[in-house]
Amino acid sequence: MPFWSTLAVSKGTNFASLSPEWTRPGTDRKEVPSVHAGDSGRKSSPVAEKMSLDDDLLMCSSGAELLPRTAIDMPEDDDGTSEDTGRQQWSHPVEFLMSCVSLSVGLGNIWRFPMTAYENGGGAFLIPYLVVLTFIGRPLYFMELAVGQFSSSGSVKVWKMLPAVKGVGYGQMVGTWSVVTYYCSLMAITLFYLFQSFNSELPWASCDPAWADENCVDDAINATLTSGFQSSSEQYFYKYVLNYSNDISEGVGMPDWRLAICLGVAWVILFCTLVKGVQSSGKVAYFTALFPYLVLFTLLVRGATLPGAVKGIIYFLKPEWNRLLDPKVWYAAVTQSFFSLSVGFGSIITFSSYNNFSHNVYRDAWIISMIDTFTSVLAGVTIFSILGHSAHHLGVDIKEVVRGGAGLAFISYPDALAKFTWAPQLFAVLFFLMLLTLGVGSAAALTSNVITIVCDQFPKWRKAYITLAVCLAGFFIGLVYITPGGQWILELVDYFGGGFIIYVLVIIETMAIMYIYGLNNFVRDVKFMLDVELGIYWKFCWLVFIPLSLSGILVYVLCSMELPTMDGLYYPISAYASGWILAGLALLMVPVGFLHALYIADEETLLQRVKSVFRPKSSWGPKAAHHRKQWLAVCADDH
């Protein structure tokens with residue numbers, strides 16, 4: 001079909017009139033395929049039985065060639081056992097929506113978006129961000145929701161759709177695991193600050209001789225910092241909390257016992273959240289999704305009433321229109337969209353795989369993407385209103401009190417809270433409790449993806465034991481991030497394990513689904529599942545805009561790549577080598593997955609095996625027998 005016809009046409013099907021009748025080539029006999037997916041002892045129907053190579057295609061009653069035999073065989077696992085049709089599901093559709101909101105609305109919205117917008121044109125940054133969200137973020141989000149729900153499979157098993165690229169799922173698992181291990185270390189620091197906020201006086205508000213030096217200046221006093229001096233909140237974070245090391249050439253040091261306890265508590269919270277699968281995490285999602293908004297609005301109301309707040313908000317939203325022509329701004333918009341919506345990590349596919357087959361993920365994709373954008377802007381206004389007050393209090397420009405990343409959460413904001421004249425402990429508790437709930441929501445989703453991959457691969461293993469093993473492994477790996485050199489490792493892993501590789505994997509994922517599995521087949525599956533006609537907007541984004549734009553961004557990143565530094569200092573060569581090994585491990589999963597799929601293929605010759613791994617497996621499609629039967633009929637009618 002011509003390209004523009006593909007974009008403009010999405011064939012409608014009257015499902016009620018379909019009949020799953022098939023004609024075996026060379027005969028006039030009509031037969032109905034057996035679709036009892038859960039019957040491990042079933043006999044294959046005449047249509048699904050093994051055929052010779054010259055009989056590899058089925059035909060519909062009109063005489064047209066249908067799908068390859070492997071695409072319409074009955075569901076069967078690689079080990080020969082039948083698919084489990086009793087997959088766990090969300091107790092209520094709202095739990096799925098709340099969980100997706102918890103996943104997408106995370107720490108990145110609170111400390112990453114405000115600083116990214118501030119550094120890339122202020123209010124003008126919203127234009128490229130909304131463009132990227134509209135033409136990349138939302139279509140990718142819906143695509144991942146749709147394939148997960150349609151197949152009821154996690155981010156690895158979903159590639160029964162196209163076995164040749166199943167390594168994408170494992171690569172995403174490496175990226176997800178890299179992110180979740182350091183994510184929990186940030187939760188540990190948040191817990192530490194939360195516990196400290198219950199003191200009669202905020203401990204970072206004044207310089208304590210136990211950890212402060214002669215260059216320390218109390219946060220609580222109205223003083224402007226001069227060169228060489230540091231605020232008490234900054235020294236508290238680096239000297240007391242992190243015991244920060246300026247050099248890791250001799251090693252990262254030993255974990256801090258206080259943060260180790262907090263890290264253990266963080267993983268215990270995650271274990272309790274995930275131990276019963278979506279039945280338990282879905283209930284927790286009500287709190288993790290809604291509580292942050294209560295705190296944000298409380299802080300916004302408080303912040304907006306403080307002197308200097310309006311100046312801070314204007315500083316955040318003031319547009320720099322000339323920055324729109326800077327490619328780095330658009331690159332930052334794509335990065336923020338990926339980080340915020342969590343596309344490409346596999347968690348979205350995992351969450352939607354626990355949905356009812358006909359759940360309206362089309363609607364949810366719109367709702368979640370809009371909530372995510374609203375939350376980012378709300379967080380920016382809230383944060384900068386309070387930072388504006390801090391700058392007003394000190395009599396300095398707001399850029400003097402703004403820091404990015406963890407510095408915004410653990411230095412700039414605590415510094416501002418210390419200057420509150422009324423109940424600073426209350427607002428500190430609310431702020432760090434909000435950060436903790438945001439962290440739990442996102443970390444639970446990322447960890448759930450890893451657990452689901454293992455459970456799908458080993459269905460006979462008890463999920464509670466797998467969850468325990470994953471949480472224990474996460475705790476021990478996370479200890480490296482709470483050493484004196486832990487922040488160095490965090491930045492390195494974030495750069496190599498959570499950023500660059502996701503671009504590559506998303507490009508492969510999108511092109512595999514839209515060009516190899518086929519846009520028309522995907523649109524047909526969505527139509528069958530949701531009874532929704534997808535228009536030219538979705539098709540243009542998937543087929544043209546996303547592959548071209550992300551490929552262009554990838555080339556830009558590679559050409560302008562700058563190795564990460566820490567406070568302007570370069571890492572040891574061994575550290576960069578470790579980072580490239582991590583990225584290489586994730587990307588290597590793609591060719592390894594292809595070779596494994598080729599190795600286990602049933603066909604005899606190499607050419608036949610190559611062809612087979614670029615076709616859907618026999619078990620691809622809806623899991624439930626009645627849905628599968630109807631879907632096979634739709635496939636027959638389409639061909």
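Is V105 buried or exposed? In this predicted model, V105 has a relative accessibility of 5%, and because buried means under 20%, V105 counts as buried. The residue sits in the loop that links α3 (93–104) to α4 (107–119). Beyond its neighbours within four places in sequence, V105 makes contact with Y293, I371, D372, T375, L438 and S442.

Two of these partners, L438 and S442, appear together with V105 in the UniProt record, where an unreviewed entry places the feature "binding site" at V105, N109, S340, L438 and S442. These positions are spread over 338 residues of sequence, yet they cluster in space, with a largest C-alpha distance of 11.9 Å. From this set, N109, S340 and S442 belong to the lining of the largest cavity.

L438 offers a helpful view from the other side. This residue is part of helix α15 (residues 424–457) and, at 2% relative accessibility, is likewise buried. With neighbours within four places in sequence set aside, the contacts of L438 are S102, V105, G106, L107, I110 and P292.

Turning to the nonpolar interior, the largest core holds 194 residues, and F338, F522, W542 and L550 have the most contacts inside it. The greatest contribution to this core comes from helix α17 (residues 486–530), which supplies 25 residues. For W542, the residues touched, not counting those up to four places away in sequence, are P139, L140, F142, M143, T510, M514, L519, F522, L534 and P547. Apart from the largest core lies another, made of five residues, including A164, A597, L598 and A601.

Technical notes: Residues numbered from 1 in each chain as written. Predicted model: local features only at pLDDT ≥ 70, side-chain atom pairs only at ≥ 80, totals over all residues. Heavy atoms only, no water. Core = buried A, V, L, I, M, F, W, Y, C linked by side-chain atoms within 4.5 Å. Buried < 20%, exposed > 50% of the residue type's maximum accessible area, 1.4 Å probe, protein only. Helix = DSSP H or I, 4+ residues; strand = E, 2+ residues; numbered from the N terminus. Contact = heavy atoms within 4.5 Å. UniProt positions renumbered as here; feature names shortened; annotations may be inferred. 1 Å grid on protein atoms, 1.4 Å probe; cavity = no way out; pocket = protein on both sides within 12 Å on 5 of 7 lines; lining within 4 Å.
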